[in-house]
Amino acid sequence: MSATASVTVAGVPGVEVAYYRKGSGDPLVLLHGIGHHWQAFAPVLDELAEHHDVIALDFPGFGESPDIPLGVPDELDSLAYTVDALCKALDIDRPHIAGNSLGGLVSLRMGQLDLVRSVTALAPAGFWTPRENRWAIGLLTNLRRVARRTPDPTVQRLSRTPAGRRVLTGTIYHRPALRDPDAVVAESRALRDCVGFDRVAAHARAGATFEGDVPNLPVTIAWGTHDRILPPVQAARAHLQLPSARIIPLLDAGHVPMNDAPALVAQTILETTHP
């Protein structure tokens with residue numbers, strides 16, 4: 001079921017959050033990366049919904065969610081508090097959480113704030129060197145530039161062939177031919193139209209990193225072995241910083257591993273929520 005909720009963040013009402021909800025059981029919230037939308041988790045959503053009440057959301061300024069209104073602090077922690085506000089609006093207390101890239105960084109931060117009961121971070125941002133930061137943000141910014149300049153009919157034509165899907169999505173997926181053509185068109189539009197991209201990218205470019213540990217919670221950090229945006233060497237840094245976290249390599253998966261290895265990603269999340 002798709003819906004929109006209006007929540008209050010940092011005392012500011014009217015923050016609109018679009019989300020998709022399916023399944024039953026303990027709540028599990030799914031958080032996408034910069035430039036994407038909740039449908040990034042579509043390849044694993046049905047499997048997860050067999051075990052959980054799944055809520056996949058669009059961050060403010062991405063997908064179907066409008067950008068944050070004036071008055072909400074323009075900082076990455078506002079994303080964590082927005083997710084928490086949505087959970088409270090849905091009568092959910094301390095859900096499990098799983099996030100990819102930007103969503104992984106936000107998931108870990110919510111773990112630090114004791115707002116969730118477990119964390120699965122898929123190639124989370126924040127464990128980069130300054131050089132790796134420049135590479136990742138520059139690459140994503142170029143992808144957005146291309147998405148904004150490519151006519152919609154061209155995107156639709158390219159999406160119909162494996163070679164075309166490789167051109168459009170080969171940077172974020174290791175096996176782009178597996179991606180559904182309609183999903184490729186939709187995510188190209190999401191990247192083109194996301195009004196929050198420049199704002200969030202600016203925070204990341206300024207050196208947003210994850211600091212400290214996430215104690216007393218089940219934490220899994222999983223990384224695609226063919227991640228071209230955040231190289232998997234960053235998983236080793238994450239392991240040093242969070243020594244109690246479970247570190248999982250996602251074989252033959254790229255930066256958005258839910259498409260490349262859906263069964264493995266679903267299993268990784270469920271092993272975290274059901275230790």
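I take buried to mean under 20% relative accessible area. The model I am reading is predicted.

**Entry: S78**

I looked up S78 first. Its relative accessible area is 6%, so S78 is buried. The residue sits in helix α2, which runs over residues 77-89. I then listed its contacts, setting aside neighbours within four places in sequence. S78 touches V9, V72 and P73.

**Entry: the sheet**

Next I traced the strands. Eight of them make an open sheet, and I read the order as β1-β2-β4-β3-β5-β6-β7-β8. The pairing is mixed. I found the edges at β1 (2-9) and β8 (246-250), each of which pairs on one side only. From one strand to the next, the twist averages 25 degrees.

I picked out one pair for a closer look. Strand β3 (residues 26-31) runs parallel to strand β4 (residues 52-57), and six bridges join them. Within this pair, V29 is placed opposite I55 of β4.

Which helices did I find packed on the sheet? One is α2, the helix that holds S78. It touches β1, β2 (12-23), β3, β4 and β5 (96-100). The direction of α2 makes about 115 degrees with that of β1. Helix α3 (residues 102-112) packs there as well. I have α3 touching β3, β5, β6 (118-122) and β7 (219-224). Its direction makes about 150 degrees with that of β5.

**Entry: positive phi**

I checked the backbone for positive phi. D114 has a value of about 60 degrees, though it is not a glycine. I place D114 in the loop between α3 and β6. Is D114 buried or partly exposed? Its relative accessibility is 48%, so I log D114 as partly exposed.

A123 is another non-glycine with positive phi, at about 50 degrees. This residue belongs to the loop between β6 and α4. With a relative accessible area of 1%, A123 is buried.

I also noted G207, just after α8. Its phi is positive, at about 105 degrees.

**Entry: helix α8**

I went back along the chain from G207 to α8 itself, residues 197-205. The buried residues I found in this helix are F197, R199, V200, A201 and A204. What covers them? The cover includes α3, α4 and α7. As a reminder to myself, an α-helix has 3.6 residues a turn, so residues three or four places apart point the same way.

**Entry: cavities**

I searched the whole structure for enclosed space. Three cavities of 30 Å³ or more turned up. The largest holds about 120 Å³ of space. I counted 14 residues in its lining, and L102, A125, W128, I137 and A204 are nearest the centre. A204 is also among the buried residues of α8.

Elements that give this lining two or more residues are α3, α4 and α8. The most comes from α4, with three residues. By class, I have 13 nonpolar residues, one polar and no charged for the largest cavity.

**Entry: the largest pocket**

I turned to open space. The largest pocket has about 430 Å³. Its lining takes in 25 residues, and I find L143, L168, T169, I172 and L191 closest to the centre. Two or more lining residues come from each of α4 (130-149), α5 (152-159), α6 (162-169) and α7 (181-193).

Which element gives the largest share of this lining? It is α4, with four residues. The class count for the largest pocket reads 13 nonpolar, eleven polar and one charged.

**Entry: Q234**

My last look-up was Q234, in helix α9 (residues 233-241). Is Q234 buried or exposed? Its relative accessibility is 0%, so Q234 counts as buried. I again left out neighbours within four places in sequence. The contacts of Q234 are then F127, W128, E132 and W223. I had already met W128 near the centre of the largest cavity. W223 falls within strand β7 (219-224), and E132 falls within α4 (130-149).

Terms used. Residues are numbered from 1 along each chain as its sequence is written. This is a predicted model: local features need pLDDT of at least 70, side-chain atom pairs count only at pLDDT 80 or more; totals for chains, interfaces and linings use all residues. Side-chain values use heavy atoms; hydrogens and water are left out. Buried means under 20% relative accessible area, exposed over 50%, partly exposed in between (1.4 Å probe, protein chains only). Contact means heavy atoms within 4.5 Å. On a 1 Å grid over the protein atoms alone, a cavity is a set of points where a 1.4 Å probe fits but cannot get out, and a pocket is an open set with protein on both sides within 12 Å along at least five of seven lines; lining residues have an atom within 4 Å of a point. Grid points are joined across faces, edges and corners, and a volume is the space filled by probe spheres set on the points. Ala, Val, Leu, Ile, Met, Phe, Trp, Tyr, Cys and Pro count as nonpolar, Asp, Glu, Lys and Arg as charged, and the others, Gly among them, as polar. Two strands pair if DSSP finds at least two bridges between them. Axes are lines fitted to C-alpha atoms, for helices over the stretch in contact, and angles run from 0 to 180 degrees between N-to-C directions.
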